[in-house]
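Please walk me through this structure in the viewer, one selection at a time. Tell me what to pick next and what is to be found there.

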Amino acid sequence: MSYGNWEPVIGLEIHAQLMTDSKMFAPESAAYGGADNEYTSPISLGMPGALPSINHRAVEFSIRIGLALNCRINPHSVFARKNYFYPDLPKGYQISQFDQPLCEKGFLDVFIDGKAKRIGITRAHMEEDAGKSTHHGDYSLINLNRAGVPLLEIVSEPDIASAQEAAEYARSVRNILRYLEVCDGNLEEGSMRCDCNVSVRKKGDTKLGTRTEIKNVNSFRFVEKAIDYEIQRQIASIESGERIVQETRLYDSTKNRTFTMRSKEEAHDYRYFPDPDLLPLVFDSSWTDQIRAKLPELPREKATRFQTQYGLPEYDALVLTQERGVSEYFEAVAKICGNAKAASNWVMVELMRELKETDKSIEAQPIKSNQLGDLILLIDKGTISGKIAKSVFAEMWASGGNPADIIKAKGLVQISDTGALEKIIADVIAASPGQVAEYRSGKEKLFGFFVGQVMKASKGQANPDLVNQILKEKLKGS
Amino acid sequence: MSIIEKNLTELCDAVQKRELKSEAITKAFLDQSTRLNPKLNAYITMNEKALEQARDVDKKIASGAKVGRLAGVPIAIKDMLCTKGIKTTAGSKILHNFIPQYSAAVVEKLEGAGAITIGKTNQDEFAMGSSTETSHYGICRNPWSTDYVPGGSSGGSAAAVSARMAPMAIGTDTGGSVRQPANFCGIVGVKPTYGRVSRYGIVAYASSLDQAGPMGHTVQDCATIMEVISGKDVRDTTSAQEAVPEWSKNLTDNLKGLKIGLPKEYFAEGVSDDVRKVVKNAIDIAKAAGAEIVDVSLPLTHLGVAVYYLVATCEASSNLARYDGVRFGYRSDFEKSPAVDVDDFYSRNRGEGFGSEVKRRIMLGTYALSSGYYDAYYKKACQVRRLLRQNFLDAFKKCDVLLSPASTTPAFKIGERIESPIEMYLNDIYTTSTNLAGLPGMSVPGGFSKDKLPIGVQIMAAHFQEQKMLNVGYAIEKSLNLTREVPNVVR
């Protein structure tokens with residue numbers, strides 16, 4: 001996307017809900033769902049005298065993320081209160097981190113058209129989520145199950161230069177969160193939330209333009225569309241002589257436009273100050289080292305390894321490593337069949353298409369890695385053709401059966417018997433005298449027609465290599 | 001000696017030795033409360049199950065089962081502490097209907113040791129006051145002279161113990177709220193080192209200053225209660241790991257080798273002659289008990305009240321945000337006149353639910369934390385607070401404990417200072433610094449004024465050095481022998 005003489009400046013604030021068993025400062029379940037207000041306690045209800053205590057695991061998860069995003073982990077950080085009134089904020093303040101966050105000064109390399117772009121991470125700080133309000137005409141209901149669920153807010157530098165880069169950055173963060181098994185990264189369900197800060201300036205200007213913030217965009221596609229809309233809107237406003245107002249906007253995906261939620265004049269003074277109920281979060285840096293030592297291989301490192309170890313093209317390596325589950329599945333298939341390129345193709349094309357169509361995760365789909373490996377082995381051994389394999393795959397998807405059983409039951413074994421093939425081919429030639437004459441007079445394109453006829457007559461079971469070989473021989477004529 | 005004139009230690013012994021039944025003890029104090037509460041207003045709520053619980057303890061003892069060291073002895077609890085199933089108001093209208101589903105850690109520990117919660121004592125609203133005149137449930141009166149305030153904010157606890165409506169009470173001390181009413185009512189009040197006692201379940205006023213402590217007739221009684229309520233609580237991350245000593249066993253009135261510092265700033269102008277005389281006498285007693293007296297200086301003392309009223313109001317402005325009428329507590333009559341919007345809903349609940357002193361402090365704190373003022377007020381206050389703490393640490397290099405007046409004058413008259421917040425705030429001049437520095441402090445009875453109003457002596461120690469402080473109090477107490485003095489209203 002080109003913006004003419006204009007240059008967008010974009011920064012993202014990503015809230016990642018940490019998959020801990022209990023809440024950030026309270027002992028009850030942090031699970032999604034539950035009956036209304038089931039997962040609450042005096043602490044998350046903000047009852048008088050209830051005090052917070054820090055969830056050790058949430059800190060560990062946050063350090064994991066900080067390390068994966070190349071951040072400095074501060075062994076001394078401070079929880080602060082962010083004060084504002086809202087009915088689903090029980091204490092009248094949110095416990096967050098302000099001037100002394102847990103993680104600072106990191107970066108993430110994202111890849112746009114094969115080229116790396118480094119996006120700076122200003123900070124990543126811990127905080128608790130608010131509850132949920134639903135409004136019904138003249139009354140509202142509040143569910144506090146989510147109140148106090150741990151979040152890590154990851155704030156990027158304004159290093160992002162296009163809507164596409166922004167979406168790619170958000171996807172990369174999501175992939176890392178999922179690799180680390182600390183957040184399921186689901187924008188639709190809100191376990192990951194994305195606020196986009198957008199401004200534009202004339203190319204070459206060093207001063208930043210006035211920014212707007214787009215809140216809670218709930219898919220990566222919408223991140224891209226919302227930012228794109230906002231960039232165009234800001235350019236059009238400035239070009240028509242208007243001034244950009246610093247404000248918070250919301251994105252309406254049905255109309256593909258952003259609209260004002262609140263302006264800066266209505267913005268809160270949050271009156272941050274250190275939470276006197278919580279001592280500073282202090283730990284020995286050896287804890288950080290222990291966590292670092294246990295970090296899994298991350299998507300980018302894995303993609304590089306796939307390129308060298310399996311000789312995969314960069315594109316394949318990047319696609320296969322986006323999801324940790326997919327990458328592990330691919331490696332299992334490749335190990336069984338010994339044919340990484342075929343494994344890559346089957347996983348990337350057939351399997352991922354089914355996953356997308358049925359909206360299933362790699363963990364929840366019916367074909368086991370050893371079954372797909374076996375299928376590829378059967379192709380490579382010549383037992384079935386690649387084409388037959390696709391129908392076997394469809395049957396495996398439907399029934400979860402083993403490929404060998406399906407081939408046997410349906411009689412799909414490839415015909416590699418020269419005698420049998422010669423008979424079929426002879427019949428095809430005999431039945432198509434016109435085409436034979438045309439072919440022989442130089443219309444070699446008709447070869448495909450004969451292959452098709454033979455495959456049809458063999459119900460697709462003819463060994464294609466042998467068919468080619470025999471057909472060529474027979475069509476030469478006497 | 002009648003039951004209600006016995007102190008906590010004597011009552012505990014009597015129960016353990018089966019000389020007295022808990023039912024008789026509890027009934028005696030309940031009767032005294034029924035008789036005197038209309039006059040003194042020391043209690044907001046009585047525990048209706050107190051007698052039943054006392055009978056349960058008696059049954060347990062009769063069956064030979066093992067019981068805790070406080071078994072069957074009634075204790076009054078300040079209404080800042082949550083009590084499961086018993087209304088807890090913090091002296092405010094905004095909590096007029098709040099019945100907690102949990103007890104404060106302090107209450108759990110007391111009840112765990114067998115104590116009976118007899119009732120919830122009156123206090124300044126959210127502990128914001130020095131006279132128990134800001135309570136939504138009416139002013140509390142000083143048993144020694146009912147025209148006078150009992151002090152505050154734990155005035156109800158002090159009055160209840162002083163008038164023998166309970167042998168022991170728990171108070172909370174944010175800027176002197178245990179020591180000053182103990183001082184005004186002629187009893188012993190101890191504020192432990194910050195972190196000694198879990199704050200879990202105590203309605204928060206100023207989290208970095210609040211600390212619960214015992215208010216009783218003797219140093220021994222208070223030391224016993226300290227042993228029960230102290231110790232690490234995982235639910236309060238600011239509670240200390242420090243081991244809990246056996247203060248009550250280790251008490252001694254031999255002060256040989258102990259250095260007592262007299263901070264000169266605490267003997268400045270404004271200290272009344274009566275108070276000077278009492279404190280002078282206490283110093284002489286300590287000297288006679290073997291202590292060495294040294295002069296020390298706490299040069300930043302004059303900033304204590306200002307720093308306190310910034311730190312405390314800032315924290316309070318945030319701590320009290322949860323009282324919004326959404327989940328519990330007072331809610332305006334929206335049936336009669338519906339809320340215009342959510343801001344109107346808040347404004348009415350809070351506007352009608354909070355009293356004027358609480359509103360004043362919320363506004364002060366909100367202002368001081370606001371963007372543009374934070375550095376000049378809150379941040380500066382925190383810096384001075386660190387220096388104040390250093391003042392004390394420097395002083396404790398020269399002495400073991402500090403001894404001073406607890407306030408410039410004995411109890412003042414009801415209504416005398418309530419219209420003048422500054423004058424009221426200055427009443428806390430000798431007590432607030434201890435909280436800002438996180439130090440332990442106590443007030444022990446030292447005598448009476450010409451008008452027969454009690455006057456206490458304040459003793460402060462270094463962090464976690466409560467024993468030294470208690471010993472000095474013990475020596476003064478033994479020498480003066482005032483623990484059987486009772487106000488006329490008792491008889």
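A residue counts as buried if 20 or more other C-beta atoms lie within 10 Å of its own, as exposed if 12 or fewer do, and as partly exposed in between. The model is a predicted one.

**Stop 1: B:Val294**

Select B:Val294, which lies in strand S8 of chain B. Is B:Val294 buried, exposed or partly exposed? B:Val294 has 13 other C-beta atoms within 10 Å, so this residue is partly exposed. Leaving aside residues up to four places away in sequence, show the residues that B:Val294 touches: B:Lys259, B:Gly261, B:Lys398 and B:Cys399. Then add B:Phe328, which is 34 residues from B:Val294 along the chain. The C-alpha atoms of B:Val294 and B:Phe328 are 53 Å apart.

**Stop 2: the strands around S7(B)**

Extend the selection to all of S8(B), residues 292-296, and add strand S7 of chain B, residues 259-263. S7(B) and S8(B) run parallel and are joined by five bridges. For one point of reference, pick B:Lys259, which has B:Glu292 of S8(B) opposite. Now trace the chain between these strands: from S7(B) the path goes through helix H9 of chain B, residues 273-288, and on to S8(B). This β-α-β crossover is right-handed.

Next, select strand S9 of chain B, residues 401-405. S9(B) also pairs with S7(B) in the parallel sense, here over two bridges. Which residue of S9(B) is the bridge partner of B:Ile260? The partner is B:Val401.

**Stop 3: two covered helices of chain B**

Select helix H7 of chain B, residues 219-229. Why is H7(B) described as largely enclosed by the rest of the structure? Ten of its eleven residues are buried, and therefore the description holds. The buried residues of H7(B) are B:Val219, B:Gln220, B:Asp221, B:Cys222, B:Ala223, B:Thr224, B:Ile225, B:Met226, B:Val228 and B:Ile229. Step just past the end of H7(B) to B:Gly231, where phi is positive at about 125°.

Move to helix H5 of chain B, residues 155-162. How many of the eight residues of H5(B) are buried? The count is eight of eight, and H5(B) is mostly covered. To colour them, pick B:Gly155, B:Gly156, B:Ser157, B:Ala158, B:Ala159, B:Ala160, B:Val161 and B:Ser162. After H5(B) comes B:Arg164, which has a positive phi near 60°.

**Stop 4: chain B as a whole**

Zoom out to chain B, with 16 helices and eleven strands. Its C-alpha trace spans about 70 × 60 × 45 Å along the principal axes. The radius of gyration of chain B is 21 Å, which agrees with the value near 23 Å for a compact globule of 491 residues. Of those 491 residues, 60% count as buried. Among contacts in chain B between residues at least 6 apart in sequence, 77% are between residues at least 24 apart.

**Stop 5: where the chains touch**

Show both chains and select the contact between them: 23 residues of chain A and 35 residues of chain B take part. On the chain A side there are 13 nonpolar, five polar and five charged residues.

**Stop 6: chain A as a whole**

Hide chain B and keep chain A, which has 15 helices and 16 strands. The globule rule gives 23 Å for 478 residues, but the radius of gyration of chain A is 30 Å, well over that value, so chain A is more spread out than a compact globule. The C-alpha trace of chain A spans about 95 × 55 × 50 Å along its principal axes. Buried residues make up 40% of chain A. Of the contacts in chain A between residues at least 6 apart in sequence, 68% join residues at least 24 apart.

**Stop 7: domains of chain A**

Colour chain A by its domain assignment: domain 1 (6-291), domain 2 (297-410) and domain 3 (418-475). Between the C-alpha centres of domain 2 and domain 3 of chain A the distance is 32 Å. Four residues from domain 2 of chain A and four residues from domain 3 of chain A make up their contact. The domain 2 side consists of one nonpolar, two polar and one charged residues.

**Stop 8: a sheet in chain A**

Finish with three strands of chain A that form an open antiparallel sheet in the order S5-S4-S15. The edge strands are S5 (93-97) and S15 (273-274) of chain A, each pairing on one side only. Strand S4 of chain A, residues 79-83, pairs with S15(A) over two bridges in the antiparallel sense. To see one bridge, select A:Arg81 and its partner in S15(A), A:Phe273.

Definitions and conventions
Residues are numbered from 1 along each chain as its sequence is written. Chains are lettered from A and ligands numbered from 1 in the order in which they are written. This is a predicted model: local features need pLDDT of at least 70, side-chain atom pairs count only at pLDDT 80 or more; totals for chains, interfaces and linings use all residues. Two strands pair if DSSP finds at least two bridges between them. Helices (H or I, at least four residues) and strands (E, at least two) are DSSP runs, numbered from the N terminus. A crossover is right-handed if, with the strands pointing away from the viewer, the path from the first strand over the helix to the second runs clockwise. The radius of gyration is taken over C-alpha atoms; the globule rule is 2.2 Å times the number of residues to the power 0.38. Two residues are in contact if their C-beta atoms, placed from the backbone, lie within 7 Å. Domain bounds come from an automatic or database domain assignment. Ala, Val, Leu, Ile, Met, Phe, Trp, Tyr, Cys and Pro count as nonpolar, Asp, Glu, Lys and Arg as charged, and the others, Gly among them, as polar.
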